[in-house]
Amino acid sequence: MTRETTNTPQTYDSVSRILHWGMAAGFAWVFSSALAHKFFNEGALDSFLWPTHKAAGLLLAACVVIRLLWAVLNRSRRPASVSLVASLGHLALYALMVAVPFIGLLRQFGSGRAFEAFGVQIMAATPDQTYGWMVDLGGNFHSLLGWVLLALIVGHIVMTLLHRRDPSQDVLPRMLG
Ligand code: HEM
Ligand code: HEM
């Protein structure tokens, strides 16, 4: 079903667009910090970016909750998906956008260590109350799913550019507004 054959809106509303591009900038920051940490450990870039990883991730976790609610509430007022694959791709992006930061936060909570972001205490230190399964879940899946999310984002961007070649499938103007 293409947008020409439906009477659904031609573009995403401004809240959806602000959330999409604002969060894209947030993901660029968080993944830069993760890449610097993995490949230039303890280099200047890592020392600058890594201390911001958890706080930026927390911000993205908050934004994805709002984005998800907004997407569900406005689903009938959004452009129709170009294909089932596109819908499933967006669904997978949402699943990982939720899972990756929340697994990170769960590990932080389970470790019993204090967590402060933007000068605000998010979690107090609870050294005698730790949860091994939360720490293990984070250890096993946070980074792994984080890299899967990065691969999906690259695929998402490549597909957007490929769709530009066919005017009836060009979805970029929907998100640019
Ligand atoms: C959407 C947001 C996030 C993304 C995409 C993300 C992604 C990643 C990735 C790809 C890595 C692997 C880095 C490496 O291999 O060196 C990583 C590591 C890590 N992340 Fe996140 N992260 C996010 C949010 C968070 C949050 C909210 C926390 C905690 C509050 C957190 C805590 C950590 C920690 C402690 C590590 C190091 C893990 C280790 O060395 O095993 N992250 N993250
Ligand atoms: C340069 C970077 C990006 C470009 C050019 C881009 C482009 C687009 C376009 C054109 C759409 C509309 C697709 C359609 O209606 O079929 C879209 C939707 C979407 N994009 Fe991106 N995107 C980018 C980055 C990201 C990132 C980093 C994420 C999240 C991890 C993301 C997640 C989504 C999701 C979930 C949708 C579905 C609409 C929504 O609920 O927001 N995008 N993107």
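This is a chat about a predicted model of one chain and its two iron-holding ligands.

Trainee: What should I know before I start?
Mentor: This is a predicted model, where local features need pLDDT of at least 70, side-chain atom pairs count only at pLDDT 80 or more, and totals for chains, interfaces and linings use all residues. Residues are numbered from 1 along each chain as its sequence is written, chains are lettered from A and ligands numbered from 1 in the order in which they are written, and side-chain values use heavy atoms, with hydrogens and water left out.

Trainee: How many helices and strands does the chain have?
Mentor: The chain has 6 helices and 2 strands. Helices are DSSP runs of H or I with at least four residues, strands are runs of E with at least two, and both are numbered from the N terminus.

Trainee: In what order do they run?
Mentor: From the N terminus, α-α-α-α-β-β-α-α.

Trainee: What does the C-alpha trace span?
Mentor: About 60 × 35 × 30 Å along its principal axes.

Trainee: On to ligand 1. Which residues coordinate its iron atom?
Mentor: His53 and His142 do, each through NE2, at 1.9 to 2.0 Å. Donors are N, O and S atoms within 2.8 Å of the metal (3.2 Å for Na, K and Ca); water is not among the atoms, so sites may look incomplete.

Trainee: Why is the arrangement octahedral?
Mentor: The 6 donor atoms around the iron of ligand 1 subtend angles of 88 to 180°, which makes it octahedral. Six donors count as octahedral if opposite donors are over 155 degrees apart and all others between 65 and 115.

Trainee: Where do those two histidines of ligand 1 sit?
Mentor: His53 is in helix H3 and His142 in helix H5. The pair links distant parts of the chain, 89 residues apart.

Trainee: Which element gives the most to the shell around ligand 1?
Mentor: H1, with 6 residues. H3 (53–73), H4 and H5 also supply at least two each.

Trainee: And the residue classes around ligand 1?
Mentor: The shell has 12 nonpolar, 6 polar and 3 charged residues. Ala, Val, Leu, Ile, Met, Phe, Trp, Tyr, Cys and Pro count as nonpolar, Asp, Glu, Lys and Arg as charged, and the others, Gly among them, as polar.

Trainee: Now ligand 2. What coordinates its iron atom?
Mentor: His20 and His156, again through NE2, at 2.0 to 2.1 Å. The 6 donor atoms subtend angles of 88 to 180°, which makes this site octahedral. His20 lies in helix H1 and His156 in helix H5, so the pair ties together parts 136 residues apart in sequence.

Trainee: Which side chains have polar atoms by an oxygen atom of ligand 2?
Mentor: Tyr94 has one at 2.5 Å. Arg67 has an N or O atom at 2.9 Å. A polar contact is a pair of N or O atoms within 3.5 Å; within protein, one must be able to donate a hydrogen and the other to accept it, and residues adjacent in sequence count only if both atoms are side-chain atoms.

Trainee: Which elements give two or more residues to the shell around ligand 2?
Mentor: Helices H1 (14–39), H4 (84–111), H5 (132–163) and H6 (172–176).

Trainee: How does the shell around ligand 2 divide by class?
Mentor: Into 12 nonpolar, 4 polar and 3 charged residues.

Terms used: Four donors count as tetrahedral if all angles lie between 85 and 135 degrees; four count as square planar and six as octahedral if opposite donors are over 155 degrees apart and all others between 65 and 115; anything else is irregular.
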